[in-house]
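Here are my comments on the model, set out as numbered points for your consideration. Please read them with the coordinates open.

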Amino acid sequence: MNRLFGTTTPKPPKPTLTSAITSLDTRISSLDVKLASLNAELTGYQTKLSKLREGPGKTALKQKALKILQRRKQYEAQRDQLQSQVWNMEQAQTMQDNLKNTMVTIDALQSTNKALKKEYGKVDIDKIERLQDEMADLLDVGNEIQESLARGYDVPEDVDEAELDAELEALGQEDEVPEFVDEAPEKGR
């Protein structure tokens with residue numbers, strides 16, 4: 001059957017922005033090489049022109065230099081045009097990448113949203129409030145226990161503030177050196 005109708009030849013893959021940018025960069029590089037060659041040639045003509053006297057030889061050399069200068073201007077214009085094209089394609093590539101990243105972010109947000117809805121569906125608010133109430137009750141019971149354990153038995157309730165201040169002052173004086181000692185002992189030894 002293939003002999004009768006023939007086979008379709010596979011279509012070459014469509015160029016991507018990356019391959020187009022690479023191709024243009026290669027062309028720009030080749031133009032840069034040509035421009036460097038022309039610049040070197042122009043430099044040679046300039047040195048020859050500076051050494052020659054006015055006359056038909058200098059005029060002919062000047063005409064050659066002008067033609068090379070025109071070619072250089074054309075190559076520069078082509079290079080600038082190609083660089084503009086590369087810039088536009090790079091901008092398009094950046095927009096395409098940003099769009100892909102946005103789509104990935106949206107997909108992630110949607111799946112997270114579904115998972116959260118599923119998990120929050122399992123949560124019973126009344127049960128949580130009951131647990132909170134039970135915790136508050138348990139904390140109150142714990143506080144009552146702590147208060148009852150903290151009650152003192154031998155400490156009189158009517159302690160004089162002046163007596164406590166005097167005792168505190170006496171404790172502070174214990175750290176001072178008595179008058180009969182010439183030097184205080186060094187601490188830490």
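1. In which helix does leucine 49 lie? Leucine 49 belongs to helix H2 of what is a predicted model, and the remarks below should be taken in that light.

2. On confidence, the chain has a mean pLDDT of 85, with 83% of its residues reaching 70 or more. The values vary between elements: helix H1, residues 2–5, has the lowest confidence in the chain, at a mean of 63, whereas H3 has the highest, at 93. Where pLDDT is low, the predicted coordinates should not be read in detail. I would ask that any description of helix H1, with its mean of 63, be worded with this in mind.

3. On the overall fold, the secondary structure of the chain comes to 5 helices and 0 strands, and the order of elements from the N terminus on is α-α-α-α-α. Of the contacts in the chain between residues at least 6 apart in sequence, 73% join residues that are at least 24 apart.

4. On burial and surface, buried residues account for 10% of the 189 residues in the chain. The area that the chain exposes is about 17,300 Å², of which carbon and sulfur atoms supply 55%.

5. Returning to leucine 49, this residue of helix H2 counts as buried because its relative accessible area is 15%, which is under the 20% cut-off. Leaving out residues up to four places away in sequence, leucine 49 touches Lys58, Leu61, Lys62 and Ala65. For one of these partners the spacing can be stated: leucine 49 and lysine 62 are 13 residues apart in sequence, with 7.3 Å from C-alpha to C-alpha.

6. On the largest pocket, its volume is about 160 Å³, and its lining consists of Asn39, Leu42, Thr43, Tyr45, Gln46, Leu49, Lys62, Ala65, Leu66 and Leu69. The elements that give two or more residues to this lining are helix H2 (17–51) and helix H3 (56–121), and H2 gives the most, with 6 residues. Sorted by class, the lining has 6 nonpolar, 3 polar and 1 charged residues. Leu49 and Lys62, discussed in the previous point, are both among the lining residues.

7. Leucine 69, also among the residues that line the largest pocket, has its place in helix H3. Is leucine 69 buried or partly exposed? Leucine 69 counts as partly exposed because its relative accessibility is 31%, a value in between the cut-offs of 20% and 50%. Leucine 69 and leucine 38 are 31 residues apart in sequence, while their C-alpha atoms are 7.9 Å apart in space.

8. Finally, glutamine 93 is found in helix H3, the element in which confidence is highest. With a relative accessible area of 18%, glutamine 93 is buried, and I would suggest that the text report the value along with the class, since buried means under 20%. Apart from its neighbours within four places in sequence, glutamine 93 is in contact with Leu17 and Thr18.

Note on methods: Residues numbered from 1 in each chain as written. Predicted model: local features only at pLDDT ≥ 70, side-chain atom pairs only at ≥ 80, totals over all residues. Heavy atoms only, no water. 1 Å grid on protein atoms, 1.4 Å probe; cavity = no way out; pocket = protein on both sides within 12 Å on 5 of 7 lines; lining within 4 Å. Points joined across faces, edges and corners; volume = space filled by probe spheres on them. Helix = DSSP H or I, 4+ residues; strand = E, 2+ residues; numbered from the N terminus. Nonpolar A, V, L, I, M, F, W, Y, C, P; charged D, E, K, R; others polar. Buried < 20%, exposed > 50% of the residue type's maximum accessible area, 1.4 Å probe, protein only. Contact = heavy atoms within 4.5 Å. Areas by Shrake-Rupley, 256 points an atom, 1.4 Å probe, with all protein chains shown as cover. pLDDT = per-residue confidence, 0-100.
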